[in-house]
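Visitor: I would like a close look at one part of this protein, and at how that part connects with the rest. Please choose a good starting point and take me through it step by step.
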Amino acid sequence: MSNDPRNMGITPGRGQNLTSSIVQDLGIAIVTGTYSDKNPCPVEAELCTQYGASRSILREAVKMLTAKGLLGARPRQGTWVQPEESWNLFDPDVMRWLLERKFSLSLLIEFTQIRLAVEPAAASMAASEAGSAEKAAIERALNRMIAAEHGEDDPLASDIAFHISILRASGNRFYAQLHELIETALRFSIRTTNRFKGVRLASVNDHKRVSDAILAGDSRVAETAMRALIEEALDLIRKGEGIDAKGERVTLGVVRASRR
């Protein structure tokens, strides 16, 4: 008997697409609380019927959600929803689902604190380690930001491309592999901080200071300029949440002042 999917009534690629669809659907349902330890997911047979999926496709989806920390599964014990502290926040899907669930400035604060720990060091390393190809990628990203000021490129995509190019230029493979997480969360973070500043676009000059230092091979200035860029974003998000840099509650008047 042929194993060709076309002879089994299955469209090539459908299994993979269906798996992704189930992961997306169940992932959102878990993150939004539709399924929890108090309201468990339906059993395997019910989910197979619900999604019109084979057991193998459903089990692959469960395996992926288990890797993201959203589900736990053991033979003879079935599948259960994991508590939120077990979720893998470094997984771009989990981060996106969390931010879409209920937009959270407090989550953005935590994410920006991670950026503050990583990106200044990445900029410093890029200044000393980047080769011609990596430097060219940083220049292209900055030029895209300049083009965006004239309506000739996408402001958000060009800003993200700039930060990702520096992670890759650092020469550190761990930093480079953070690019999906950084890109996912920056889509929310950049829009938020620009709104708080009362602007549509990020400051090209602030980003150019980082770029110029990297291209000049000045690690100290590159690190300082990137730190200032992220500290400003962190300060804006904190004020939007009503918290100052010392962790103290601020008044709405301060928030409004930060937007002018």
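Guide: Happy to! Helices (H or I, at least four residues) and strands (E, at least two) are DSSP runs, numbered from the N terminus. The model is predicted, so local features are described only at pLDDT of at least 70 and side-chain atom pairs only at 80 or more, while totals for chains, interfaces and linings use all residues. Numbering runs from 1 along each chain as its sequence is written, and side-chain values use heavy atoms, without hydrogens or water.

First, the setting. The protein has 12 helices and 2 strands, in the order α-α-α-β-β-α-α-α-α-α-α-α-α-α along the sequence. Of its 260 residues, 41% are buried (under 20% relative accessible area, against over 50% for exposed and in between for partly exposed; 1.4 Å probe, protein chains only). Take a contact as heavy atoms within 4.5 Å: among contacts with a separation of 6 or more, 66% link residues 24 or more positions apart.

My choice for the close look is helix 5, which spans residues 105-129. Helix 5 supplies 11 residues to the largest nonpolar core, the largest share of that core. Such a core joins buried Ala, Val, Leu, Ile, Met, Phe, Trp, Tyr and Cys residues through side-chain atoms within 4.5 Å. This one holds 71 residues, and the members that touch the most others are Ile22, Phe162, Ile166, Val210 and Ile214.

Now zoom in on Ala123, which sits in helix 5. Ala123 counts as buried because its relative accessibility is 0%. Beyond the neighbours within four places in sequence, Ala123 is in contact with Ile166, Val210, Ile214, Ala222, Glu223 and Met226. Three of the core members singled out above, Ile166, Val210 and Ile214, therefore appear among the contacts of this one alanine. Ser170 is also worth finding on your screen: it lies 47 residues from Ala123 along the chain, yet their C-alpha atoms are 6.6 Å apart.

Look back from the other side, at Ile214. With the same neighbours within four places in sequence left aside, Ile214 is in contact with Ala123, Ala126, Ala127, Lys135, Ile138, Ile166 and Ala222. Ile166 and Ala222 thus turn up in this list as well as in the list for Ala123.

Helix 5 also meets open space. A pocket here is an open set of points on a 1 Å grid over the protein atoms alone, with protein on both sides within 12 Å along at least five of seven lines; a cavity is a set where a 1.4 Å probe fits but cannot get out, and lining residues have an atom within 4 Å of a point. The second largest pocket takes the largest share of its lining, 4 residues, from helix 5. The residues around this pocket are Leu89, Phe90, Met95, Leu107, Glu110, Phe111, Ile114 and Leu181.

Met95 leads on to helix 9, where Thr184 has its place. Thr184 counts as buried because its relative accessibility is 14%. Apart from neighbours within four places in sequence, Thr184 is in contact with Pro92, Met95 and Arg96, so Met95 is both a contact of Thr184 and part of the pocket lining.

Helix 9 gives the largest share of the lining of the largest cavity too, with 6 residues. That lining has 18 residues, and those nearest the centre of the cavity are Thr193, Ala202, His207, Leu229 and Ala233. Two or more lining residues come from each of helix 7 (155-169), helix 9 (179-197), helix 10 (204-215) and helix 11 (219-241).

For contrast, finish at the largest pocket. Its lining consists of Leu26, Cys41, Pro42, Val43, Glu44, Leu47, Leu58, Arg59, Val62, Leu71, Gly78 and Thr79. Helix 3 gives the most, 3 residues, and helix 2 (44-51), helix 3 (55-67) and strand 2 (78-81) each supply at least two.

Strand 2 pairs with strand 1 (residues 71-74) in the antiparallel sense over 4 bridges; pairing requires at least two bridges found by DSSP. In strand 2, Gly78 is the bridge partner of Arg74, and Thr79 stands opposite Ala73. Between the strands of this hairpin are 3 residues, and Arg76 in the turn has a positive phi of about 70 degrees.
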